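Subject: Structure handover and findings

Dear colleague,

Please find the sequence and the structure below for your records. My findings follow after them.

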Amino acid sequence: MSPDRIEDHVPVLIAGAGPIGLALAAYLGAQGIRTLVVERRDDQPVSAKMIVVSVRTMEFCRQLGIAPAVRDWGFPLDHGLDSLFVTAMQGFELGRVRTPPLSVQYDTPFSPERERPCPQTWFDPILKRHALAQPGVTLKYRTELAALRQSDEGVCVELTDHGTGGRCMVRADYVVGCDGYASTVRGLLGIQVRGEKHLSSSMSIYVDIPDLHAQHALGQGYRYVFVGDVGVWGVLTAIDGRDLYRFQLIEASGSMEDRDALEAMLRRALGPGIAFTIRDVSHWVRKATIADRFADGRVFLAGDAAHAHPPNGGLGMNTGILDAWDLGWKLAAVLQGWGGPMLLESYDVERRPASARAVEESLRNYHRLVDGATCAGIAGDDAAAARLRAEVGARLVEENESSWHPIGIHLGHVYCPSPIVVDDGSAIADASPYVPSARPGARAPHVWLGPDRSTLDLFGPGFTLLKFADIDTTPLETEAEDRGLPLKVQTIGSQEAAELYLNKLVLVRPDGHVAWRGDALPARPAWLVDRVRGAGPRAAACVAPPR
């Protein structure tokens, strides 16, 4: 059956208007790339699956120009951000992971940003507004990608309009599936996912609890983890910093319609006398999976369509944003004419190992939280119960602190090997503890260059050559100009930056990762330009350019 009509060509079609699809559209739109985003659901706010924007995602927002909106959406700056392990809100505290409130100048020395509480209910609209502010971005709700067929010239996509029931065909240069774990795009490509497809059946309950902090003696926290006789069983997290909370049940059974059971469970956590109103309930499955590949010809996968995480540690959406950043600059480069044939091939090479690492860390975070000996009698009032609470609390704090302060997981991944990175053979540091490094493939380190001016502010949308010495870089600039590769040269006078970056010349990609470094230009600068723009030889890594 043929479609009702054939619409115009679009360079990039994105399936899915969640945070990953919106972030990719916003990035492409800012680069002048015409983009169509289709979303099968209607344009209604969704309950937040993601509630924390990571430090690296904040760096993406900083480059995009929306970091102030994410910082200032409305979460109270003085709200407590500690994570507490408790038997109940009116019970015993076992231990806590301390995090200063946003009002404290706690910005990590490794970044100009810090992670922020910004649930998806607020984060998605910020991304959407910015994407739609770009003249080339179009967003269609109640429109579903139903079929696709690709060739060497492009991708023919069949769309179904759920409002009218009509169908149309769109021709795209590239298609990106940002359509979640049950991805239609991934299914049409026949790509399988591997891993833990069912860790637990969980439940999220969104609940209004007026003046909660005034009704218990634990102090105002961000996250309360409930520990009972069988161990950790639930987590209560502040959503808006006022009266809205999310209660997650680690292992859920029964019907969402059984309000008496839901209220009894909440009462178990909150204790008597604390009033609450259930706003929304959803069942979901914790999983830890990764797709066999992230690309098939002109079609790509990003976010949950490519990798699904347990929410422990907040790595799911934040890993997907890095997919969008990586793929975004590469799609823009190819569509603008300066990206070579290996550039888009490098997406799978770089992002699949990075995503697998994040999935593995999410899975470890899940087991850190729920594994361990039973805690029978932990809420008792005798000496044995007190000793048990001290032991369990110390273990939970030690094992889970890294889950909630995972700076190395967010900033420490190195794209190595990569066909568009010139590896110099230097050591790759472990992500924990995080050690900033300018070795090729690593995220270029942050150093303050002036008031609210970071080295990170020098990067994007093209390449940036950092100069820490008086070296003539004209040959490289000429080769870049001849090939259309956007390149700006920045002379850095900071001694701190020079000591951290080590080499006199450092070439940084649009996404802030180091592509090459050295103390002098290579003998053939054209080789370097071709390598980093994906027009070099098909090699996983190259320690030095040919002589």
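At what angle do the axes of H8 and helix H9 cross, and within what distance do they come? Please note, before the reply, that the model is predicted.

The helix pair

The axes of H8 and H9, the latter spanning residues 383-404, cross at roughly 160° and come within 9 Å. Angles over 145 degrees count as roughly antiparallel, and H8 and H9 are therefore roughly antiparallel to each other. Their crossing is left-handed.

Which residues form the contact? On the H8 side they are Asn-365, Arg-368 and Leu-369. These meet Arg-395, Leu-396, Glu-399, Asn-400, Ser-402 and Ser-403 of H9. Sorted by class, the contact of H8 with H9 comprises four polar, three charged and two nonpolar residues.

The second largest pocket

Helix H8 also takes part in a pocket. The second largest pocket holds about 430 Å³ of space, and 26 residues line it. Nearest its centre lie Arg-357, Gly-408, Ile-409, Ala-431 and Ser-432. Two elements give two or more residues each to this lining, namely helix H8 (341-370) and helix H10 (407-411).

Which of the elements gives the most to the lining of the second largest pocket? That element is H8, with seven residues. As to chemical class, the lining has 14 nonpolar residues, together with six polar and six charged ones.

Backbone features in the loops

Three points in the backbone may be of interest when you inspect the model.

- The peptide bond that runs from Cys-416 to Pro-417 is cis, and its omega is near 5°. Pro-417 belongs to the loop between H10 and strand S19 (448-450); H10 is also one of the elements that contribute to the pocket lining described above.
- The peptide bond from Gly-460 to Pro-461 is likewise cis, with omega near -5°. Pro-461 is placed in the loop between strand S20 (453-454) and strand S21 (463-467).
- Asp-452 has a phi near 55°, which is a positive value in a residue other than glycine. Asp-452 sits in the loop that joins S19 and S20.

To summarise, H8 both meets H9 through Asn-365, Arg-368 and Leu-369 and gives seven residues to the lining of the second largest pocket. Cis peptide bonds precede Pro-417 and Pro-461, and Asp-452 has a positive phi.

Yours sincerely

Methods:
Residues are numbered from 1 along each chain as its sequence is written. This is a predicted model: local features need pLDDT of at least 70, side-chain atom pairs count only at pLDDT 80 or more; totals for chains, interfaces and linings use all residues. Side-chain values use heavy atoms; hydrogens and water are left out. On a 1 Å grid over the protein atoms alone, a cavity is a set of points where a 1.4 Å probe fits but cannot get out, and a pocket is an open set with protein on both sides within 12 Å along at least five of seven lines; lining residues have an atom within 4 Å of a point. Grid points are joined across faces, edges and corners, and a volume is the space filled by probe spheres set on the points. Helices (H or I, at least four residues) and strands (E, at least two) are DSSP runs, numbered from the N terminus. Ala, Val, Leu, Ile, Met, Phe, Trp, Tyr, Cys and Pro count as nonpolar, Asp, Glu, Lys and Arg as charged, and the others, Gly among them, as polar. Axes are lines fitted to C-alpha atoms, for helices over the stretch in contact, and angles run from 0 to 180 degrees between N-to-C directions. Angles under 35 degrees count as roughly parallel, over 145 as roughly antiparallel, 65 to 115 as roughly perpendicular and the rest as oblique. A crossing is left-handed if the near helix is turned anticlockwise from the far one by less than a right angle, and right-handed if clockwise. Contact means heavy atoms within 4.5 Å.
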